[in-house]
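Here is a protein model to explore. Take a look at it first, and then we'll walk through its layout, its charged pairs and its empty spaces.

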Amino acid sequence: MKKAHVLFFDLDGTLLDTVADLGAAVNTILEKYNYPTHELSESMYLIRKASGEKDEEKIKILYKEYLANLLDNLYNRTNSYPYIASALEKFSISGYELFVFTNKPQKAAENLMKYFFKNVK
């Protein structure tokens, strides 16, 4: 039986340290609408919790703006962990198929992968 050479990785917190950009994107939207800002955070859950907003339509607007802000500011504070790029390149060259999972929007994840891991297929 032929063995599959496949590796799966999580993007946020495993390949990249993205928490500062996620927190900044949330806080930008909270500040814009005069809600109190918070320490590092992510997701629509945090927007709902941090703002105290109960109106689902307003939460959707906040979340949509958060995603747009995040896409515009993907590379401000995000960094690759040491040696991750070279390890991924070696796996790729060695014939491994690499897959990345994330709860980040696909466009953001693809942009980050291209930016930080240019030589990984």
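## A quick tour of the model

The protein has 5 helices and 4 strands. Keep in mind that you're looking at a predicted model. Starting at the N terminus, the elements come in the order β-β-α-α-α-β-α-β-α. The protein has 121 residues, and 34% of them are buried.

Now for the charged pairs. Side chains of opposite charge can pair when their charged atoms come close. Searching the whole structure turns up 4 salt bridges. Three of them are set out here:

| Salt bridge | N to O distance | Residues apart |
|---|---|---|
| K104 and D12 | 2.8 Å | 92 residues |
| R77 and D21 | 3.7 Å | 56 residues |
| K32 and E65 | 2.8 Å | 33 residues |

Take K104 and D12, whose side chains meet in a salt bridge. This pair ties together distant parts of the chain: K104 sits in the loop between β4 and α5, and D12 in the loop between β1 and β2. Are these two buried or exposed? K104 counts as buried because its relative accessible area is 9%, and D12 is buried too, at 15%.

Next, R77 forms a salt bridge with D21. Here R77 is in the loop between α3 and β3, while D21 belongs to helix α1. R77 is partly exposed, with 46% relative accessibility, whereas D21 is buried at 3%.

The salt bridge of K32 and E65 links helix α1 with helix α3. K32 has a relative accessible area of 54%, so it is exposed.

What about the empty space? Rolling a probe the size of a water molecule over the atoms shows where empty space is left. The largest pocket has a volume of about 300 Å³. It is lined by 15 residues, and those closest to its centre are V100, A109, E110, M113 and K114. Which element gives the most to this lining? That's α5, with 5 residues. The pocket lining divides into 9 nonpolar, 2 polar and 4 charged residues.

There is also a cavity of about 30 Å³, the largest one. Its lining includes D21 and K104, which you've already met in the salt bridges. By type, the cavity lining has 3 nonpolar, 3 polar and 2 charged residues.

Finally, look at the surface. F8, F99 and F101 make up a nonpolar patch there, with about 330 Å² of accessible area together. F8 lies in strand β1 and is exposed, with a relative accessible area of 51%.

Key: Residues are numbered from 1 along each chain as its sequence is written. This is a predicted model: local features need pLDDT of at least 70, side-chain atom pairs count only at pLDDT 80 or more; totals for chains, interfaces and linings use all residues. Side-chain values use heavy atoms; hydrogens and water are left out. Patches are made of residues with over 30% relative accessible area and no salt bridge: like charges are joined within 9 Å, nonpolar side chains (Val, Leu, Ile, Met, Phe, Trp, Tyr) within 5 Å. Accessible areas come from the Shrake-Rupley method with a 1.4 Å probe; for residues, only the protein chains shown count as cover. Helices (H or I, at least four residues) and strands (E, at least two) are DSSP runs, numbered from the N terminus. Buried means under 20% relative accessible area, exposed over 50%, partly exposed in between (1.4 Å probe, protein chains only). On a 1 Å grid over the protein atoms alone, a cavity is a set of points where a 1.4 Å probe fits but cannot get out, and a pocket is an open set with protein on both sides within 12 Å along at least five of seven lines; lining residues have an atom within 4 Å of a point. Grid points are joined across faces, edges and corners, and a volume is the space filled by probe spheres set on the points. Ala, Val, Leu, Ile, Met, Phe, Trp, Tyr, Cys and Pro count as nonpolar, Asp, Glu, Lys and Arg as charged, and the others, Gly among them, as polar.
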